[in-house]
Amino acid sequence: MPRPTPAQITYGTLTVVCSTLAMLLLSQTSSGIGVAVIATAALGLGLLVAMTVPQPKPAASPATHVTPAARTADDRVPAQRAAAPAMAESVREPAGP
């Protein structure tokens, strides 16, 4: 399981704190059970928010990354190999004056 990113920790923590304060102020509860229910709901909401923050994409290693310019004629699919000579003909510049 990957470690949480700083963004996930920050968003989760802020969600727990803000949602706890908001629910306590709106419900005006003073019982211990009410506070426990609100704290549990806030922790669940913070966990949900933290898990939905997008993960950064890992960088591709240079050895496995092949750019289109680095491909050879053998790497092309058969249809592209067949079209390659025709394309080469159309790219040629006209001969001198």
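Here is a walk through this predicted model, from the overall fold down to a few single residues.

Let's start with the big picture. The protein chain contains three helices and zero strands, so if you follow the sequence from start to end, the pattern you read is α-α-α. There are 97 residues in the protein chain, and buried ones make up 13% of them. As for the outside, the protein chain exposes about 8,100 Å², with carbon and sulfur atoms supplying 69% of that area. You can also ask how contacts relate to the sequence. Take the contacts between residues at least 6 apart in sequence: 56% of these join residues at least 24 apart.

Now for the empty space. Rolling a probe the size of a water molecule over the atoms shows where such space is left. The largest pocket holds about 190 Å³ of it. Two elements give two or more residues to the lining of this pocket, namely helix H1 (6–27) and helix H2 (32–52). H2 provides the largest share, with five residues. The lining has 14 residues, and those nearest the pocket's centre are Pro4, Gln8, Leu47, Ala50 and Met51. What classes of residue make up the lining of the largest pocket? Nine are nonpolar, four are polar and one is charged.

With the pocket in view, go to the start of the chain. Threonine 5 sits in the segment before H1. Is threonine 5 buried or exposed? Its relative accessibility is 16%, and because buried means under 20%, threonine 5 counts as buried. Leaving aside residues up to four places away in sequence, threonine 5 touches Gln55 and Pro56.

Next, step into helix H1, where you'll find threonine 20. Threonine 20 has 18% relative accessibility, so this residue counts as buried too. Which residues does threonine 20 touch, not counting those up to four places away in sequence? They are Thr15, Ile38 and Ala42.

Ala42 comes up again when you look at valine 17, another residue that lies in helix H1. Along the sequence, valine 17 and alanine 42 are 25 residues apart, but in space they are 7.7 Å apart, C-alpha to C-alpha. Valine 17 has a relative accessible area of 43%, so this residue is partly exposed.

You can make a similar check starting from helix H2, where alanine 41 is found. Alanine 41 and methionine 23 are separated by 18 residues in sequence and by 9.4 Å in space, again from C-alpha to C-alpha. Alanine 41 is partly exposed as well, because its relative accessible area is 38%.

The last stop is the loop between H1 and H2, which is the place of glutamine 28. What is worth a look here is the backbone. Most residues other than glycine have a negative phi. The phi of glutamine 28, however, is near 50°, a positive value in a residue other than glycine. How does glutamine 28 stand in terms of cover, buried or exposed? Its relative accessible area is 68%, and since anything over 50% counts as exposed, glutamine 28 is exposed.

How values were computed:
Residues numbered from 1 in each chain as written. Predicted model: local features only at pLDDT ≥ 70, side-chain atom pairs only at ≥ 80, totals over all residues. Heavy atoms only, no water. Helix = DSSP H or I, 4+ residues; strand = E, 2+ residues; numbered from the N terminus. Buried < 20%, exposed > 50% of the residue type's maximum accessible area, 1.4 Å probe, protein only. Contact = heavy atoms within 4.5 Å. Areas by Shrake-Rupley, 256 points an atom, 1.4 Å probe, with all protein chains shown as cover. 1 Å grid on protein atoms, 1.4 Å probe; cavity = no way out; pocket = protein on both sides within 12 Å on 5 of 7 lines; lining within 4 Å. Points joined across faces, edges and corners; volume = space filled by probe spheres on them. Nonpolar A, V, L, I, M, F, W, Y, C, P; charged D, E, K, R; others polar.
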